[in-house]
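Q: I'm new to this one and would like to learn how to read it. Could you walk me through it?

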Protein chains: 4
Amino acid sequence: MAGTEDKYNYGTGMNPTCQKLILATERLLRRDGLSHVTTRKIAQEAGVSEGALYHHFRDKAELLHAVVLISMGDFREILDGLPLLVGQRTVGENLEHMLQAAFEFQFKIVPIACSLYADHLLLARTREILSERGIGPQCSITVIAAYLQAEQRLGRVAADLKPEAASQLLLAGSFHKAMFDHFLARDLSEDVTRRHLREMVNALLAGIEPRPAGKN
Amino acid sequence: MAGTEDKYNYGTGMNPTCQKLILATERLLRRDGLSHVTTRKIAQEAGVSEGALYHHFRDKAELLHAVVLISMGDFREILDGLPLLVGQRTVGENLEHMLQAAFEFQFKIVPIACSLYADHLLLARTREILSERGIGPQCSITVIAAYLQAEQRLGRVAADLKPEAASQLLLAGSFHKAMFDHFLARDLSEDVTRRHLREMVNALLAGIEPRPAGKN
Amino acid sequence: MAGTEDKYNYGTGMNPTCQKLILATERLLRRDGLSHVTTRKIAQEAGVSEGALYHHFRDKAELLHAVVLISMGDFREILDGLPLLVGQRTVGENLEHMLQAAFEFQFKIVPIACSLYADHLLLARTREILSERGIGPQCSITVIAAYLQAEQRLGRVAADLKPEAASQLLLAGSFHKAMFDHFLARDLSEDVTRRHLREMVNALLAGIEPRPAGKN
Amino acid sequence: MAGTEDKYNYGTGMNPTCQKLILATERLLRRDGLSHVTTRKIAQEAGVSEGALYHHFRDKAELLHAVVLISMGDFREILDGLPLLVGQRTVGENLEHMLQAAFEFQFKIVPIACSLYADHLLLARTREILSERGIGPQCSITVIAAYLQAEQRLGRVAADLKPEAASQLLLAGSFHKAMFDHFLARDLSEDVTRRHLREMVNALLAGIEPRPAGKN
DNA sequence: AATGAATGAGCTTTCATTCAT
DNA sequence: GATGAATGAAAGCTCATTCAT
């Protein structure tokens, strides 16, 4: 993915000072929570000066945003690859695979994303940054909804399903689980997590209403 | 607060100054977000002196805990009526009705609940308090899951549904929407909100998988 | 003047901390110039904490404003007393007396007033403070113009004089001299200053145009 | 700048980078006020690197001095034409015309000239430079005073007028107006400005004292 | 019990200046 | 000569907490 047209290439080929700052911020956020993460501590942890932080990022919010972007990791690639999976394997397998990646991402950013609600100014600034760059949480929902719609056209998804609603339910489910796991400070094994997510996917796949005996 | 028999008796028989402080804090938390709620603003909003705050609470954290406790306390009551609906009307109607109430509550507490993630100490202490009192987000999930299980026994819900998973999906969906609405600072009409929630319920009711033509 | 309705009573009966801060600011401004006068230095010089500064003044601009107000000293009283002088002594004597007081005030505030132009934000904030309180430099001009108008009605001032213009000329003249004395860092004797000011008053009194021989 | 014969040759035969820096600084000073003119902004505005600034000027102060010098340099030229007007048209017309030009110049330099008062070191250094070159505000006063004296000899100006005092009153009046317009951030039409200045000239021409009925 | 002035450490951000390339 | 990343001190301001009254 190096050298793509991505203007905000925080994953690869990045200035080492930038990288140090982002990693330091991520580490501190996870350990202490946003309200204890000061620019001073970040600079110290990164081993650079506080001035350097403002040389590379307009403000603290922009640094936080970079942390979020870098945390997307696999999830972004999987979202990008989703259109190619239309008609492949089963819908359930595809959704489950996607949701695992989503969860991994969400689990990392819950401490940041939720912290924003503690500071309306930071929240507003984040909104600004996201809209400046034309991205945001709704993007993931839209991409998955588009996938479901494509499968709908193939008859692999119920014709009367609202793709947006189903998509939001799934992402919300994994995000909620991520918040929950953080809240309880529980460190679940990968297996348990996978099972949780699979159960959500399955519940949504089959639906709540009983199906007439026959198929399934 | 001195010497009553209920250690967490923040609702009744409380010193009026205490009560004023707690209510003022709750109002401010909702309005401004944790990081802008200062002891000075709290005292002003409550109409007492800053010093008084420290007569009734050891420190700001203790006051915040009291507020969190009160705010979260309603969790249980929200769903008390649910068991009575088993077998009544349709499952869809019952769930939708429940989700509207849940959303209203969640929308109110998002700024407070999310703020907790900004401060790991506050989060840890809240975790302890809530688990001590046997409340918290898991309660809601359990109650709804119990309702679904009861309906399952009546055959009104698919036999192979995992009630916990479906329940979490729904609550997560509305919570996610609440966070989203706050993030975008959008004030949706009641109608639009109702439609959003109904679409989620419907998506989960019918499921993603296509149903064989015929009944339903 | 103690106990008047003046809401911003910075001269008398003032909180000693306030007074210390104002005096310290005045001293430092005179010595170093605004751009070297930091809130930290002010607090040190005043022998109080930096926090105390912000306890008594909303921001640095408000403190500067207080310094200006306290510097008005006699000038304000003389302006207040001007209406009573209508018809008394000669117009020249009255104006000269007023201008001496104006100069004393202006000489003190030149370093502050001019410094504001170095910082557009501070300038804007000052404009805000002044308009909040309904005061400003135009007030002095107006008061003196009113005096001239009253004398006009008595025939002691030329009927076709524009009072505002004459008033501004005088105040501008002494302000300009104050700037000039500061610029040259010259410490003129009171006598020389008095003569300068008297010459300005006289020039304006008699006018530039030659008078027909006869009276005067 | 290196090794030319004119120590203050900032206008001609100068290194283009130097020139760009000086012009950029002047523009910014006028627009933003001294305290917001940073070396970074200067370099950006000049289209060179921040480092280049330090190749051509020992420090920021030296650059500022160069700018002040250039800005103030016009002082002398403004009034060069005045001696030629002695005995021409009316004294009032001549003064009014001169004051319009003076105002235009003063309005431009107010932000720079006043900013000097924010930094006593800068003020002192400017004082030295200006007096070394024999320029400064006193020059304008002297030139106008000389004009008035010449007219006095022709009987077109009252014999007992102190030319210096009248001259300073006028220049002070327009400078004061310039400061005022900046302070109020008001952008007056040329017509209004012209009227303001004309009223000042007229007030000074006719004087405050009533004239015996009859001529004039 | 209640007040509110005072504290001082800490916050985010800015900026003149240096220096390896 | 020119660059621009890096520095680190210092700016204005905030805030939980204390304490004399």
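**Reading the contacts**

A: Sure. Let's begin with a contact between two chains: it takes 61 residues from chain C and 60 residues from chain D. Keep in mind that this is a predicted model.

Q: How much area do chain C and chain D bury between them?

A: The size of an interface is often given as the accessible area lost when the parts come together. Here chain C and chain D bury about 5,600 Å², and 69% of that is on carbon and sulfur atoms. On the chain C side, C:Tyr117, C:Phe183 and C:Ile208 supply 16% of the area buried against chain D, more than any other three residues.

Q: How many salt bridges are there between chain C and chain D?

A: The count is 2 salt bridges. C:Glu199 forms a salt bridge with D:Lys162, with the closest N and O atoms 3.9 Å apart. Also, 22 residue pairs are in polar contact across this interface, both residues at pLDDT 80 or more.

Q: Which helix gives the most to the side of chain C that touches chain D?

A: That's H9 of chain C, with 14 residues. By class, this side of chain C divides into 35 nonpolar, 14 polar and 12 charged residues.

Q: Now the DNA. Which residues come nearest to strand E?

A: Of the 31 residues around DNA strand E, the nearest are A:Thr38, C:Thr17, C:His56, D:Thr39 and D:Lys60. Sugar and phosphate make up 56% of the strand E atoms that come within 4 Å of the protein.

Q: What do the histidine side chains reach on strand E?

A: Look at the partner atom in each case. A side-chain N or O atom of C:His56 is 2.3 Å from a phosphate oxygen of strand E, and a polar side-chain atom of C:His55 lies 2.7 Å from a phosphate oxygen. For B:His55, the partner of its side-chain N or O atom is a base nitrogen of strand E, 2.7 Å away. Helix H3 (50-56) of chain B and helix H3 (50-56) of chain C are among the elements giving two or more residues to the surface near strand E.

Q: And which residues are closest to strand F?

A: Among the 31 residues that surround DNA strand F, the closest are A:Thr17, A:His56, B:Thr39, B:Lys60 and C:Lys60. A side-chain N or O atom of C:Lys60 is 2.5 Å from a phosphate oxygen of strand F, while C:Tyr54 has a polar side-chain atom 2.8 Å from a phosphate oxygen. D:His55 has a side-chain N or O atom 2.9 Å from a base nitrogen of strand F.

Q: How does the surface near strand F divide by class?

A: It has 8 nonpolar, 15 polar and 8 charged residues.

Key: Residues are numbered from 1 along each chain as its sequence is written. Chains are lettered from A and ligands numbered from 1 in the order in which they are written. This is a predicted model: local features need pLDDT of at least 70, side-chain atom pairs count only at pLDDT 80 or more; totals for chains, interfaces and linings use all residues. Side-chain values use heavy atoms; hydrogens and water are left out. A residue is near a molecule or strand if one of its heavy atoms lies within 4 Å of it. A polar contact is a pair of N or O atoms within 3.5 Å; within protein, one must be able to donate a hydrogen and the other to accept it, and residues adjacent in sequence count only if both atoms are side-chain atoms. Helices (H or I, at least four residues) and strands (E, at least two) are DSSP runs, numbered from the N terminus. Ala, Val, Leu, Ile, Met, Phe, Trp, Tyr, Cys and Pro count as nonpolar, Asp, Glu, Lys and Arg as charged, and the others, Gly among them, as polar. Contact means heavy atoms within 4.5 Å. Buried area is the accessible area (1.4 Å probe) that two parts lose on being put together, summed over both. A salt bridge is a side-chain nitrogen of Lys or Arg within 4 Å of a carboxyl oxygen of Asp or Glu.
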